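Here is a friendly walk through one protein model. Have the sequence and the 3D view open as you read.

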Amino acid sequence: MEFLTRNQKALFANPPALLTTEVTPEVGLTSKYGGGFISAKGKHVVVIGGGDTGTDCIGTSLRHGCKSLINFELFPAPPDEQDKRGEASGNPWPLWPRIMRVDYGHEEASHRFGADPRTYSVLSKEFVSDGAGRVRAVKTVQVEVGPDGRFAEVEGSEREHPADLVILAMGFRHPEQEIVRALRLETDQRSNAKASTSDYKTSAPGVFAAGDCRRGQSLVVWAINEGRGVAKSVDAYLGGKGW
């Protein structure tokens, strides 16, 4: 995610006047920041995708001072409350409720522009060029889920949205398969490396998997937790005491 990564580097970059520390006051801190980032200032911004990444893209665009902001999500809007029986939704209690949630980016966008930026059941069809190698609009169509579970386009729902900056926030699907195939690792149904949570061993001797490459897209706290667990297992595998 170049948009967020470059912005974060810019925030962490230290001006030359501040490059001093108690440890090495004569040298100070150094930054790898090259001085450039993707700015949303004064632009019509379209964010495609949701989740935490989408929210961060929305919040960052607002802080830059974007001119307008809209967020496309392919799936239908979730319900406001969880189906207590779960018969219709397949999401019964006590499973984690898949309901409508308002995160910081959505709240800030509502305050700035007067409405939640999210638009559901939208499929992006085409990026429209301005003729000079830059995007000027995004063509979309509404979709609905058919009886077979597949998305179907709604006839007559095509629209063109102004866009000076399009941010793809569609997240992480599974680890890169080149390494998985090269090591001949067994995978789960989502193409993640299959490994036990007791020792994090994969199907290949001496190969361990933890974090997103094992459990799929998740939070950094899980990555930290599994990183500690797999370190303990690797230490034991190499002949250590395993802490």
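Two strands count as paired if DSSP finds at least two bridges between them. With that in hand, we can look at this predicted model, beginning with its parallel sheet.

## The parallel sheet

Four strands make up an open sheet, and their order is β3-β2-β1-β8, with parallel pairing. At the edges lie β3 (118-120) and β8, each of which pairs on one side only. Direction ignored, neighbouring strands of this sheet are turned by 20° against each other on average.

For a closer view, follow β2 and β3, which run parallel and are joined by 3 bridges. Asn71 is the residue that stands opposite Arg118 of β3.

## Helix α2 and its surroundings

Helix α2 covers residues 51-64, and its length makes a nice check. At 1.5 Å a residue, its 14 residues should span 20 Å, and because the C-alpha atoms at its ends are 20 Å apart, the two values agree. Just after α2, Gly65 adopts a positive phi of about 95°.

Which residues of α2 are buried? They are Gly54, Thr55, Cys57, Ile58, Gly59, Thr60, Ser61, Leu62 and His64. The cover over the buried residues of this helix includes two other helices, α1 (2-12) and α3 (104-113), along with the strands β1 (44-48), β2 (68-73) and β8 (165-168).

## Two threonines in α2

Thr55 and Thr60 are worth a pause. Thr55 sits in helix α2, and its relative accessible area is 3%, so Thr55 is buried. Neighbours within four places in sequence aside, Thr55 is in contact with Asp103, Tyr104, Gly105 and His106.

Thr60 also has its place in helix α2. Buried means under 20% relative accessible area, so Thr60, at 12% relative accessibility, counts as buried. When residues up to four places away in sequence are not counted, Thr60 touches Phe3, Leu4 and Asn7.

## Where α2 meets α3

How do the two helices α2 and α3 lie, and at what angle do they cross? Their axes come within 8 Å and cross at roughly 35°. The crossing in which α2 passes α3 is left-handed.

On the α2 side, the contact is made by Thr55, Asp56, Ile58, Gly59, Leu62 and Arg63. The α3 side brings Tyr104, Gly105, His106, Glu108, Ala109, Arg112 and Phe113. Thr55 thus links back to the section above, where Tyr104, Gly105 and His106 were among its contacts.

## The nonpolar core

In soluble globular proteins, nonpolar side chains tend to be buried together. In this model, the largest nonpolar core has 14 residues, and those with the most contacts inside it are Phe3, Val45, Val47, Cys57, Leu69 and Ile167. Two or more residues of this core come from each of α1, β1, α2 and β8. Which element gives the largest share? That is α2, with 3 residues.

## The β4-β5 hairpin

One more feature rounds off the tour. Strands β4 (residues 122-129) and β5 (residues 135-145) pair in the antiparallel sense, over 7 bridges. Within this region, Val128 stands opposite Ala137 of β5.

Together β4 and β5 form a hairpin, with 5 residues between the strands. Gly131 lies in the turn and has a positive phi of about 90°.

Conventions: Residues are numbered from 1 along each chain as its sequence is written. This is a predicted model: local features need pLDDT of at least 70, side-chain atom pairs count only at pLDDT 80 or more; totals for chains, interfaces and linings use all residues. Side-chain values use heavy atoms; hydrogens and water are left out. The expected span of a helix is 1.5 Å times one less than its number of residues. Buried means under 20% relative accessible area, exposed over 50%, partly exposed in between (1.4 Å probe, protein chains only). Contact means heavy atoms within 4.5 Å. Axes are lines fitted to C-alpha atoms, for helices over the stretch in contact, and angles run from 0 to 180 degrees between N-to-C directions. A nonpolar core is a set of buried Ala, Val, Leu, Ile, Met, Phe, Trp, Tyr and Cys residues joined through side-chain atoms within 4.5 Å. A crossing is left-handed if the near helix is turned anticlockwise from the far one by less than a right angle, and right-handed if clockwise.
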